[in-house]
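Here's a quick rundown of the charged side-chain pairs in this one. Have the viewer open and follow along.

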Amino acid sequence: MVSPNEHELRYRSEVFRALLIAEIFQNVCSFSSTGTLLSLAQSCKIFHTPAIQALWSTLPDLVPLVTCFPRDAVSRVPGSTFPDGDYTTLLKYGSYVKAIGKGPSLLAVSRISLGLLQAICALRPTMVILPNVRELNTGPLGMGDTCLPYLLSVIGKELVNVNIDLHGDDELDPEGTAAAVATLLTTQPHLRAFSYSQYGGDPISNTSTFSTLLRDVPPLTTFLCNAVTVSPEDVLSLSRLHTLRTIHIRLPDTMEWSPVPVETQPFCRVSSFSVTSAALSYRRFAEAYKLPQIRKFSLYLTRRPHPPELSTLFTSIRKQFDPAILTSLEVKDSGTPTFADAQIAAQLGVNLVPGHIRPLFDFRKLREFTFLPAWCYTLYNGFYLDMAKAWPHIKELRFAHMFWCLHEPLPASNVTMEALSYFAAHCPELTTLAIMFDASAWVALPESMVNYGDHVVPASFYSELQGRPSTSKLELLWVDRYPVYCAPAVALYLMRLFPRLTWLWCDDPDPEDVPDPVWGRLWEDIEGFMPVMAEMRNIGESIGRAAAMDRTLGEIRSLFERIGH
C-alpha cells in the first residue's frame, strides 16, 4: 500500500516531468504573473530561459531596453552613441519581445528622451533590435512624437496590431512622421489592425508620401486614422480593400467629392464606420458614398456647424445608411467640449429642435444611440414620446444629457420626468437611459414643503402604460443633479416604471455650471430608497404568489370534494 508521503512524492515527480515538456511549460508561463516568472527564472537552469522569454515577451514601456546597456554607457548619452559591443545584451532580450506598450510599468520613471532613443537606434536600419514584435502601442511609452520614426525603424516585419497615439508635440515633424507611418503600412506584410490617433494640436495634413503609400497597404481588417486627413483618392483605395471590417477616417474641411464609380459596393465588408469631420465635409462625403451595409456609424464633429447645416446633417445620415441595417449611431464633438462651448453655440443660433433630428426616426432597428454635441437644445415631452415609439428595439440611449448640452428653460421646451414613462412603455429592451429631464415640476408646493406630507406623482404620468405593469429592463438611469423634489415619491415613481433599476448615474459637474447641491443630495436619497422599495416589491410579489397558490389549492380541494360527493 502506497503511503501518503510516497503518493505526494510521486505526484510532484509527475508534475515536474510534465513541466519539462516545452509546450506545457510555455503555456504555464503565459498565464503567470511577473513575480512568478521572476521566481521561475531564478529557480533552476531548465526553467530560466522559457521564463525569461515569457517575462520579456510583453513590455509596458521602453525602459527595460535601456537597462540592457552598461550604466556608464547610458550616463554618456545624449551626445554620444553606444559602442557596438554594448548591443549584445539588447539584441538578446530584444528578440524575445512580442508586444510593446501593454501592462503596467514596473518603474516610476518610464519616459525616454529623444537623445537616448537616437543613441539606441544609431545603427539603424542595419540593426533590427526588435525583430519579433507583433503588437505595438505607443500611448504608454512616455516618449515624444519626434521619437516615433526612430522606434519604427528598429522593429522587424512581424507586426500584426499597431496603435500609434500622437500627443500634438510642438516639435513634431508632420512630413517625417507621416512618411514613417506610411512606410510602416507598406513594409509590414502581416499587419491587420492599424490605429493612428492624435490628441491635441492640429491634425497632420495629407502628404503626398502618405497618400501614395496608402494605396498599397496590406490586407487590413481595421484601419483607424484621425491623425491625418485623407484625400478622395485615399478613400477610394480603402473602399476597394475587401478585407476591411472597421474603419475610421478624418476628412479635410475643404474638399470636393466626385461620385464613386459604379463597380462594386464600396467598403463592401465594413460593418463599423467612423468619420471625423466638419458637418459640411461630411455632407459632401455622404453624397458621394452610399453605405447601406453599415451597422455601426460614428460621426465626430471637428467644428460647430452653422445653423442652416443642422437639417442637412441629419438628412445626410438618413440617406447614407439603410434604416433596416443600421443598429448603432453616435454623433459627438471630436474634442472635449465645455459648457462655454454650448453658450457660444446658443449665441450663434446653433439650436437643435425636434424637426432637425426626426429623419433619424426612420432607423427602426437602432439598438444604440448617442448624441452629445455642445449645442443648444429646445425639446419637449412629445418629442421623446415620438422617439420612444420610433425605436422599439433600443437598448442604450444617451441624448444631450451631459453638462455641456445647454437646454432652453422655456416652459414650452421643458421636459418633465413624465417623459421617462414613454421609454418604459415603448422600449422594453432598454437597459441604459440618459436624457435631460426635470423631476421637480410636478410638485405644486413651495420648496420648503416639498419633503413633507403625502405627495403622489400625478396619475397622468403613468398614462402611457395604460394600466399595465411595466416590463422595462432598464438598469441605469442618468440623473446628473437634475432638478428634483420630494425624494420618496420620485423614487416610487421610478421603481414602478423601471422594476430592474439599479443605478442612478451622474458625472462631475462643469465648474462653470455647478447645479444646486440640494438636488444632488435628493438624488442620493432616492438611490437609497430604491433597494428598500425593490425588497418591498419582492416581498409583495411573494405574498401575492402565496395567496394565489392558496386560492388554487382551495379550488382543487373543492373540486375533489364535489367529485367525492
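Eight salt bridges turn up in the structure, which is a predicted model. Three of the pairs are walked through below: arginine 283 with glutamate 287, glutamate 330 with lysine 332, and arginine 358 with aspartate 386.

**Within a helix**
- Arginine 283 pairs up with glutamate 287, and their closest N and O atoms sit 2.9 Å apart.
- Both residues belong to helix α13, which covers residues 279-288.
- They are four residues apart there, so about one helical turn separates them.
- As for solvent, arginine 283 is partly exposed, with 25% relative accessible area.

**A buried and partly exposed pair**
- Glutamate 330 makes its salt bridge with lysine 332, with 3.6 Å between the closest N and O atoms.
- Glutamate 330 comes out at 18% relative accessibility, so it counts as buried, the cut-off being under 20%.
- Lysine 332, at 28%, counts as partly exposed.

**Loop to helix**
- Arginine 358 and aspartate 386 join their side chains in a salt bridge, at 2.9 Å from N to O.
- Arginine 358 lies in the loop between α16 (354-357) and β12 (368-371), while aspartate 386 is in helix α17 (residues 381-390), so this pair ties together parts 28 residues apart in sequence.
- On the accessibility side, arginine 358 is partly exposed, at 27% relative accessible area.
- Aspartate 386 also counts as partly exposed, with a relative accessibility of 30%.

Key:
Residues numbered from 1 in each chain as written. Predicted model: local features only at pLDDT ≥ 70, side-chain atom pairs only at ≥ 80, totals over all residues. Heavy atoms only, no water. Salt bridge = Lys/Arg side-chain N within 4 Å of Asp/Glu carboxyl O. Helix = DSSP H or I, 4+ residues; strand = E, 2+ residues; numbered from the N terminus. Buried < 20%, exposed > 50% of the residue type's maximum accessible area, 1.4 Å probe, protein only.
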